[in-house]
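Let's take a look at the aromatic side chains in this one. Have the sequence and the model open as you read.

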Amino acid sequence: MRSSDDAMAQLEELYRRRYPHFVRLARALIGSPELAHDVVQDAFAAAVRSHDAYRGDGPLEAWVWRILVNHARLRARERAVAALHGDVAEAPASNGSHGGDVLAAVAALPERQRLAVFLRYYADLDYRSIAAALGIQVGTVSATLHAAHASLRHALEEVTP
Amino acid sequence: MNFEQLLERELEQALPLQREEGRDWNDVLQRAGFRRRPRRLLAIAAVVVVLGAAPAYAVAPRVLDAFTESGAPEGPPPATIQTSSGRQTIGSPSFSWSTDRNDGSSSVLSANPGEVGCGKGGTPTITVALGERVGFLLEFPPRSVGLSFPEGGDPSPIPLPRQRAVTWRVDRHGFAVLWTSGARGSAQYFVCFERG
């Protein structure tokens with residue numbers, strides 16, 4: 001049985017160790033470096049506030065990734081609405097290199113595939129942790145990433161001379 | 001190099017890991033309403049930060065340490081909850097909010113609510129029935145609005161429309177956090193939904 005203090009200490013350790021990865025994933029999902037930091041702070045605040053509710057029946061890190069993904073999705077959705085109304089300028093997440101093509105291709109994927117790709121490559125999570133973070137089965141993660149790879153291979157072949 | 005390795009390399013180039021970005025665990029604790037390091041927070045509390053053009057997250061804000069039921073003078077405006085039995089105004093005891101100063105700069109104020117929850121720390125209680133629709137009225141144009149129930153095991157916010165007036169159909173009771181953000185910062189409003 002995990003104590004409340006243990007969970008808090010683990011949350012802080014996770015935050016300090018993996019902060020750049022959390023910010024990068026949030027930035028990939030939202031497209032804004034400034035909002036990405038804010039989302040990570042809010043997500044960890046939510047985790048801290050609820051750490052007593054964490055049941056310890058899965059990896060703590062996957063639980064936090066799930067919270068972060070949901071916070072980022074909320075912000076991304078609001079940002080998309082704001083962009084429709086001209087309230088925010090859409091900033092490209094990429095650095096303008098050839099990597100922009102791959103980000104554009106990932107952005108065009110269905111949401112579950114996009115999340116799985118980002119969690120795999122930007123969070124360095126294994127299939128089990130991705131499954132826990134997205135609330136799906138491990139086998140579904142495998143199938144989702146397989147489909148994403150096929151779509152990305154096709155899309156990138158089209159843009160690569 | 002197989003396709004997965006190629007993809008990994010391309011994604012890394014597109015968005016490299018920034019290892020020196022600003023971690024701030026105390027800011028996390030403040031947003032969560034925890035006071036784990038009171039001595040350090042007291043030190044921060046003595047500082048009023050002039051922002052200029054710097055983004056709000058980059059500086060240590062001045063910290064309040066009170067449950068601001070009526071809304072702090074420099075903090076976010078209170079929100080109103082509308083139910084079938086009437087209206088109730090609630091302050092935001094947890095926020096990071098910027099205020100313009102006369103010299104054109106801005107100051108940032110943060111509030112730490114201390115202990116919150118149903119029956120704790122002055123958290124307002126609203127009696128509602130399951131299925132009832134309640135309205136949240138904000139006095140600023142929000143950039144994001146979400147509602148979470150942190151004691152239920154999943155503190156992820158339920159997305160609500162990005163509007164000053166939003167409604168939510170009650171599907172559970174308990175301690176709830178209304179997450180909001182606007183041009184001046186972020187504010188969390190706490191409320192306890194009690195079975196009618």
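Which residue lies over the face of Phe3(B)? That would be Arg153(A), sitting 4.4 Å from the ring centre. Keep in mind that this is a predicted model.

Now for rings meeting rings. Counting over all chains, there are twelve aromatic pairs. One of them joins Phe22(A) and Phe44(A), edge-to-face, with the centres 5.1 Å apart and 90 degrees between the planes. Phe22(A) belongs to helix 1 (residues 4-30) of chain A and Phe44(A) to helix 2 (residues 33-49) of chain A, so this contact ties together parts that are 22 residues apart in sequence. Phe22(A) has a relative accessibility of 0%, so it counts as buried. Phe44(A) is buried too, with a relative accessible area of 1%.

Phe44(A) also forms an edge-to-face pair with Trp25(B), at 6.2 Å centre to centre and 75 degrees between the planes. Here the pair crosses between chains, going from helix 2 of chain A to helix 2 (residues 25-32) of chain B. Both partners, Phe44(A) and Trp25(B), are buried.

Here are those two pairs side by side:

| Pair | Centre to centre | Angle between planes |
|---|---|---|
| Phe22(A) and Phe44(A) | 5.1 Å | 90 degrees |
| Phe44(A) and Trp25(B) | 6.2 Å | 75 degrees |

And which residues make up the aromatic cluster with Phe22(A), Phe44(A) and Trp25(B)? Tyr15(A), Tyr19(A) and Trp65(A) join them in one cluster.

Conventions:
Residues are numbered from 1 along each chain as its sequence is written. Chains are lettered from A and ligands numbered from 1 in the order in which they are written. This is a predicted model: local features need pLDDT of at least 70, side-chain atom pairs count only at pLDDT 80 or more; totals for chains, interfaces and linings use all residues. Side-chain values use heavy atoms; hydrogens and water are left out. Rings of Phe, Tyr and Trp (its six-membered ring) pair if their centres lie within 6.5 Å; planes under 30 degrees apart count as stacked, over 60 as edge-to-face and the rest as tilted. Helices (H or I, at least four residues) and strands (E, at least two) are DSSP runs, numbered from the N terminus. Buried means under 20% relative accessible area, exposed over 50%, partly exposed in between (1.4 Å probe, protein chains only). A charge sits over a ring if NZ of Lys or CZ of Arg is within 6 Å of the ring centre and within 35 degrees of the ring normal.
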